[in-house]
Amino acid sequence: MERELRRGQFWERRGRGFVGTGQSTESERVFEGTWGRGPRWKSGQGLRAENGIWKRTMGTNAEGATETGRLPGLGENWGADARRRRHPSPGAAALMLVLPATMFHLLLVARSGPARLLGPPPYLPGPEALWSPRALQLVLAWLGLQAALYLLPARKVAEGQELKNKSRLRYPINGFQALVVTTLLVGLGVSAGLPLDALPEMLLPLAFAATLTAFVFSLLLYLKALVAPASALAPGGNSGNPIYDFFLGRELNPRISSFDFKYFCELRPGLMAWVLINLALLLKEAELRGSPSLAMWLVNGFQLLYVADALWHEEAVLTTMDITHDGFGFMLAFGDLAWVPFTYSLQAQFLLYHPQPLGLPMASVICLINAIGYYVFRGANSQKNTFRKNPSDPRVADLETIPTATGRQLLVSGWWGMVRHPNYLGDLIMALAWSLPCGVSHLLPYFYLFYFTALLVHREARDEQQCLQKYGLAWREYCKRVPYRILPYVY
Ligand SMILES: NC(=O)C1=CN([C@@H]2O[C@H](COP(=O)(O)OP(=O)(O)OC[C@H]3O[C@@H](n4cnc5c(N)ncnc54)[C@H](OP(=O)(O)O)[C@@H]3O)[C@@H](O)[C@H]2O)C=CC1
Ligand SMILES: CC(C)CCC[C@@H](C)[C@H]1CC=C2C3=C(CC[C@@]21C)[C@@]1(C)CC[C@H](O)C[C@@H]1CC3
């Protein structure tokens with residue numbers, strides 16, 4: 001009898017067609033989108049994923065004697081990734097233009113009188129407004145400083161997730177330390193006369209220099225990946241289409257010795273530059289108007305809290321899909337080095353050129369919204385991290401769970417029983433609180449909220465797909481028990 005495993009079900013050949021004969025067990029991965037292209041098995045044979053490598057099971061006995069090695073043509077994430085390999089998205093090329101263009105549009109519009117998000121930019125900057133050797137020097141000096149701080153002795157060295165070859169990489173946990181040292185250095189610099197308030201006038205050339213740096217850096221990463229072993233490549237980003245692969249990134253964890261480029265870029269230069277730009281805008285406002293406005297204080301305070309929290313919990317980034325699944329290419333390099341500092345600081349940019357009155361009662365309400373968002377965001381992230389580290393930890397031991405065939409469990413009560421991504425919900429509530437100090441007269445300061453909603457909805461869908469592949473039926477059960485993704489009773 002001929003059997004196929006497709007869409008999480010076994011199908012048997014009956015006459016000229018196939019008939020579903022039941023759900024696959026959890027030890028087999030659920031395939032999506034492979035209809036009509038999957039390999040076929042004789043009775044008693046199947047397919048099983050072990051540590052990300054597909055193996056053919058040669059018998060039906062409980063031990064399931066497995067053939068070692070890859071099945072020809074099948075790698076990790078076979079299905080979704082295979083589809084992408086065949087049809088590399090033209091969206092990659094478009095995004096490579098749209099993302100930088102959007103960033104420059106926002107920078108130009110934020111300082112224009114009407115500050116219209118959807119209107120045309122006030123002017124198109126010429127090369128002299130974009131290119132400045134001094135800006136490039138500053139960007140490179142900043143990267144150099146952060147790289148030096150990365151190399152300082154760390155309070156802890158953490159191990160990453162297990163790789164395809166069963167090894168684990170080691171990462172220094174000293175991001176918060178880098179933030180403290182950077183703050184001290186900037187403080188010393190400002191008191192010694194460093195003209196930080198000149199930064200707002202340089203945002204355009206700085207953003208251009210950061211984009212150029214990200215582009216050259218991604219090119220070097222692409223070349224480096226050409227000589228990397230196959231085991232070092234990311235599941236996506238290796239389609240054979242150079243534009244697509246350049247955009248997504250080919251190598252999973254590009255490193256020189258112990259210096260991990262992706263891990264370094266994820267949380268340090270970009271997030272800290274965001275805080276520095278915010279501070280420069282606050283100082284500039286103090287210079288222009290005598291003192292920083294309450295709205296500017298709130299935006300600076302909220303976003304500093306967010307960045308300090310991310311660096312304090314730096315280890316958590318090691319389990320994110322950016323680190324465990326995505327290659328390091330233009331998307332992440334540009335996102336980390338240019339997009340984050342220059343667009344995430346949009347509210348502070350807007351406030352410098354469009355001061356907004358903000359009374360204490362409204363400010364208190366906004367602080368409360370940010371506090372609620374942070375409470376949900378931190379509560380959910382910490383609950384999952386604690387549970388993943390030690391499921392018997394007294395803080396999470398009482399929570400209800402669903403077992404999965406991988407040996408891991410899924411939380412189904414507490415924060416993760418409310419919606420499937422409570423941490424995204426908290427993050428979005430905070431995003432709202434960051435925009436509210438800018439008033440409601442303009443759409444521009446709400447750009448982050450719109451963009452971030454789109455980013456998280458897309459991220460949630462990708463994570464969902466990966467969890468379905470990882471946990472199979474247990475994930476389906478979780479989705480049944482917790483039907484809403486991000487916003488209870490809505491989405
Ligand atoms: N400001 C910004 O630009 C951005 C911020 N973020 C924030 O970063 C944080 C991390 O986000 P992200 O990396 O996307 O993903 P998550 O931290 O939400 O991690 C998702 C993973 O958590 C595990 N998981 C899911 N459900 C459960 C459950 N019920 N019980 C136990 N484990 C579960 C699964 O991994 P496994 O089972 O393998 O552990 C899943 O793959 C979020 O707070 C997000 O808001 C993210 C992107 C951009
Ligand atoms: C491709 C886009 C245009 C931009 C993507 C930028 C992102 C890679 C980073 C922006 C802020 C981030 C934060 C984290 C990871 C990097 C990104 C996503 C954390 C999720 C890491 C885990 C922490 O618990 C919270 C962090 C918040 C910010």
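The following passage describes the fold, the nonpolar cores and the surroundings of ligand 2 in a predicted model. Local features require pLDDT of at least 70, side-chain atom pairs count only at pLDDT 80 or more, and totals for chains, interfaces and linings use all residues; side-chain values use heavy atoms, with hydrogens and water left out. Residues are numbered from 1 along each chain as its sequence is written, while chains are lettered from A and ligands numbered from 1 in the order in which they are written.

The chain contains 18 helices and 12 strands (DSSP runs numbered from the N terminus: H or I of at least four residues for helices, E of at least two for strands). Of its 491 residues, 52% are buried, that is, under 20% relative accessible area with a 1.4 Å probe, protein chains only.

The largest nonpolar core (buried Ala, Val, Leu, Ile, Met, Phe, Trp, Tyr and Cys residues joined through side-chain atoms within 4.5 Å) comprises 109 residues, and Met-103, Phe-342 and Leu-444 have the most contacts inside it. Residues touched by Met-103 include Ala-207, Phe-334, Trp-339 and Phe-342, with those up to four places away in sequence not counted; contact means heavy atoms within 4.5 Å. Another core of 17 residues lies apart from the largest one, with Trp-416 and Tyr-471 among its members.

Ligand 2 is surrounded by 15 residues (a heavy atom within 4 Å), the closest being Glu-266, Tyr-306, Leu-332, Asp-336 and Val-340. The protein covers 88% of the 600 Å² of accessible area that ligand 2 has on its own (Shrake-Rupley method, 1.4 Å probe). Helices H8 (261-267), H10 (294-312) and H12 (330-343) each supply at least two shell residues, and H12 gives the largest share, six residues.

Terms used: Buried < 20%, exposed > 50% of the residue type's maximum accessible area, 1.4 Å probe, protein only.
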